[in-house]
Amino acid sequence: MIKTNKTHFLIILLASALALGGLACSRHPERQGRADEDAPETVGFGRQGPPGRSPVSGRAWDASTVIRLNERESAAVEFETAAVSYRSMSSGLQVTGKVFAHQMRKAIVSYPFPARIATIHVRPGDWVEPGRPLVTLQSEAVGEAKADYYKALADLELARSSHEREKRLFERGAGAGKNLQAAEAELKVAAALLNAAEKKLHLLGFTEDMVRKAGETHEINPLITLFAPIAGTVIENLLIVGAMVDQATEILTLLDPRTLRVDADVYERDIAKVRKGQDVVVTVAAFPGLEFRGQVQYIGDILKEETRTITVRTEVENRGLRLKPGMFASLRIALGEQSRALVVPDSAVLDDGGEKILFVKKDGAFHPRLVSLGSRVDGYVEVVEGVAEGDQVVTSGGYQLKSKLYDEIIKAAGIH
């Protein structure tokens, strides 16, 4: 009975193996056909078959791709070209950084005593010049200080009159010397008290001109107007009329954005190349074709251990006020070393999915080229790889060629 069961089991196992083998053989042609269909194909409008993605780079075109335009397309776009050539270029260090407000061109307007907002004279975004009224406050301390100042003025006038009278009496022989001495002492005390009262007004925010006017008008009111200490833009003003402020309140913040600073992180291995006064070119993603120029003003003394970098600070003139504090930036620090490099105009280089490409014109057709770039100087960019000296690269009309390139790829792939 046991032997019969074993024999039966072996027969079933053999039959299953044969069935699986037959199934695999019958499915093999289908699988092979799909593999042939799915195999990656290279791009080339002059070759057989629809374009696919390059098996090496993943791009939808390769070095053999050619773009040819008909007469109507050629007439619709005015192409300009320039020859790839060698130029003398200064070497530079490329680093990343961040834009900050200049600490010497920023002011926080506050008040050292409790007060209430009476009038707000400016709004966020307003440009103010030094001395422009910003806010008027109502403060009990101001009223008391003005009253003390007026009393000190009156006491000084009284002491001065008393001293003059005692002096005349003494000179005529009708007054006692001790009375003149007492009058002189009272005059000095009154002058000291007036000086103290005036100093308190200055402490409260009164200028010399405001103190003089207060002495002329003798108006006792608790109002004090704060003025702009610098030229700049009002970048923060969250207060409302009637709100209370004290010494901890930042009433207004002013920023002069015409000069900003850019802090870059330079790796420890490169810091020996950087010196104060070196020229720096700053670019930001918001304005990729715009350069902001400055010079290295400060090199940090402390190495950041977590990144092994040192802060290098550059001051830049903010042309058109386009730079904004908080923006990330790319910096090229000129090292002053001259070298010959193969370059093309900046306008020839286009972005293609994070890669840099340009178009070479040859025999009436256009050839896309993937390029590796180096330094940028005076409107030219170094090409490390991708073109050769003498190649005619498209400097105007490249975007239209890029559009044409992908139109042809889509059409050839049968995508509608």
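Two strands count as paired if DSSP finds at least two bridges between them. With that in hand, welcome to the close-ups, all drawn from a predicted model.

**Strand β4 pairs with β9 and with β6.** Strand β4 (residues 115-120) and strand β9 (residues 244-245) run antiparallel and are joined by 2 bridges, so this pair meets the requirement of at least two. With strand β6 (residues 133-138), β4 also pairs in the antiparallel sense, here over 4 bridges. Arg116 is a good residue to look for in this view: it stands opposite Met244 in β9, and its bridge partner in β6 is Gln138.

**Helix α5 has buried residues along one face.** In this helix, which spans residues 208-217, Met210, Val211, Ala214 and Gly215 are buried. Viewed down the axis of α5, these buried residues fall within an arc of 140°, so they line one face of the helix. A rule of thumb helps when reading this view: an α-helix has 3.6 residues a turn, so residues three or four places apart point the same way. Glu208 and Glu216, on the other side of α5, are exposed. What covers the buried residues? The cover includes α3 (140-172), α4 (177-203) and β7 (223-227). Just past the end of α5, His218 takes a positive phi of about 55°.

**Phe79 and Phe366 form a tilted aromatic pair.** Searching the whole structure turns up 3 aromatic pairs. In the one shown here, the ring centres of Phe79 and Phe366 are 5.0 Å apart and the planes meet at 35°, so the pair is tilted. The two rings link distant parts of the chain, 287 residues apart: Phe79 sits in the loop between α2 (71-76) and β1 (80-83), while Phe366 belongs to strand β18 (residues 365-377). Phe366 has a relative accessible area of 3%, so it is buried.

**Tyr149 and Tyr150 make another tilted pair.** Their ring centres lie 6.1 Å apart with the planes at 55°, so tilted is the label here too. Are these tyrosines, Tyr149 and Tyr150, buried or exposed? Both Tyr149 and Tyr150 are buried.

**Arg319 and Arg322 each lie over the face of a phenylalanine ring.** Arg319 is placed over the face of Phe292, at 5.6 Å from the ring centre. Arg322 lies over the face of Phe287, and its distance from that ring centre is 5.9 Å.

**Asp62 is a buried loop residue.** Its loop runs between α1 (2-38) and α2. Why does Asp62 count as buried? Its relative accessibility is 14%, and buried means under 20%. The C-alpha atom of Asp62 is separated by 8.1 Å from that of Arg369, although the two residues are 307 apart along the chain.

**The whole chain puts the close-ups in context.** There are 6 helices and 20 strands in the chain. Of its 416 residues, 34% count as buried. If you take the contacts between residues at least 6 apart in sequence, 72% of them join residues at least 24 apart. The chain has an accessible surface of about 25100 Å², and 54% of that belongs to carbon and sulfur atoms.

Note on methods. Residues are numbered from 1 along each chain as its sequence is written. This is a predicted model: local features need pLDDT of at least 70, side-chain atom pairs count only at pLDDT 80 or more; totals for chains, interfaces and linings use all residues. Side-chain values use heavy atoms; hydrogens and water are left out. Buried means under 20% relative accessible area, exposed over 50%, partly exposed in between (1.4 Å probe, protein chains only). The arc is that of the directions from the helix axis to the C-beta atoms. Contact means heavy atoms within 4.5 Å. Rings of Phe, Tyr and Trp (its six-membered ring) pair if their centres lie within 6.5 Å; planes under 30 degrees apart count as stacked, over 60 as edge-to-face and the rest as tilted. A charge sits over a ring if NZ of Lys or CZ of Arg is within 6 Å of the ring centre and within 35 degrees of the ring normal. Accessible areas come from the Shrake-Rupley method with a 1.4 Å probe; for residues, only the protein chains shown count as cover.
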